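Student: I have a new model on my screen. Can we walk through its fold and then its ligand site?

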Amino acid sequence: MVMGDKKNILVLHGPNINMLGKREPEIYGKMTLEAINSQIKKRAEEIGVYVDTLQTNHEGVMVDAIQQSVGKYQCIVINPAAFTHYSIAVRDAIAAVAVPAIEVHLSNIYRREEFRHHSVTAPVCYGQISGLGVQGYLLALEAAAQLINGGEAL
Ligand code: DQA
């Protein structure tokens, strides 16, 4: 699958997601980001969509990537990580573009510390998946593909 056939999805990972595998494995599991991205690519191939992945620890880079998704990607799958809970800049970027976003969290943010219960980004996203580990990214990818194919994801 090559980019250009109008089924392009950007998977954006936020801060500290590059530490997966070493980072609090009791919460996030032992899978590395590399392993997660290769599962995402494999599922993308299976369902016939093109995927690019980007991880950043920097809020401005995430804002730039969201802005630059216009005209290039038809959907964004985003794990804003800690930005979820406070970044009005990331929220505004999602709201500013016509590209629908699906929010993913590896852990169930509603079962964790209270400061994680609130997502400032979810209200401007099409939907949210939280607590299903890597499966959440794969399900979000399938929902994104359905959205792009002209239907509701549900
Ligand atoms: C996370 C949950 C966030 O609260 C946290 O800051 C992360 C990862 C998740 O995928 O479960 O970095 O987004």
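**Sheet and ligand site**

Tutor: This is a predicted model. Its 5 strands form an open sheet, with parallel pairing, in the order 2-1-3-4-5.

Student: Which strands stand at the edges, each with a single partner strand?

Tutor: Read the order 2-1-3-4-5 from its two ends. Each edge strand has a single partner, so one side of it is left without a neighbour in the sheet. The edges are strand 2 (50-55) and strand 5 (127-130).

Student: How much is the average twist from one strand to the next?

Tutor: The sheet is open and its pairing is parallel. From one strand to the next, the twist averages 20°.

Student: Which residue of strand 4 stands opposite Ile76?

Tutor: Start with the pair. Strand 3 (residues 75-79) and strand 4 (residues 101-105) run parallel and share 3 bridges. Opposite Ile76, in strand 4, stands Ala101.

Student: Now the ligand. Which residue has a polar side-chain atom 2.6 Å from an oxygen atom of the ligand?

Tutor: The residues around the ligand include Arg23, Asn79, His85, Leu106, Ser107 and Arg116. His85 puts a polar side-chain atom 2.7 Å from a ligand oxygen. Leu106 uses a polar backbone atom, 2.8 Å from a ligand oxygen. The side-chain contact at 2.6 Å belongs to Ser107.

Student: What percentage of the ligand's own accessible area does the protein cover?

Tutor: The ligand takes up the space of the largest pocket. On its own, the ligand has 320 Å² of accessible area. The share covered by the protein is 99%.

Note on methods:
Residues numbered from 1 in each chain as written. Predicted model: local features only at pLDDT ≥ 70, side-chain atom pairs only at ≥ 80, totals over all residues. Heavy atoms only, no water. Pairing = 2+ DSSP bridges. Helix = DSSP H or I, 4+ residues; strand = E, 2+ residues; numbered from the N terminus. Axes fitted to C-alpha atoms, helices over the stretch in contact; angles between N-to-C directions. Near = heavy atom within 4 Å. Polar contact = N/O pair within 3.5 Å; in protein donor to acceptor, adjacent residues only side chain to side chain. Areas by Shrake-Rupley, 256 points an atom, 1.4 Å probe, with all protein chains shown as cover. 1 Å grid on protein atoms, 1.4 Å probe; cavity = no way out; pocket = protein on both sides within 12 Å on 5 of 7 lines; lining within 4 Å. Sits in = over half its atoms within 2 Å of the grid points.
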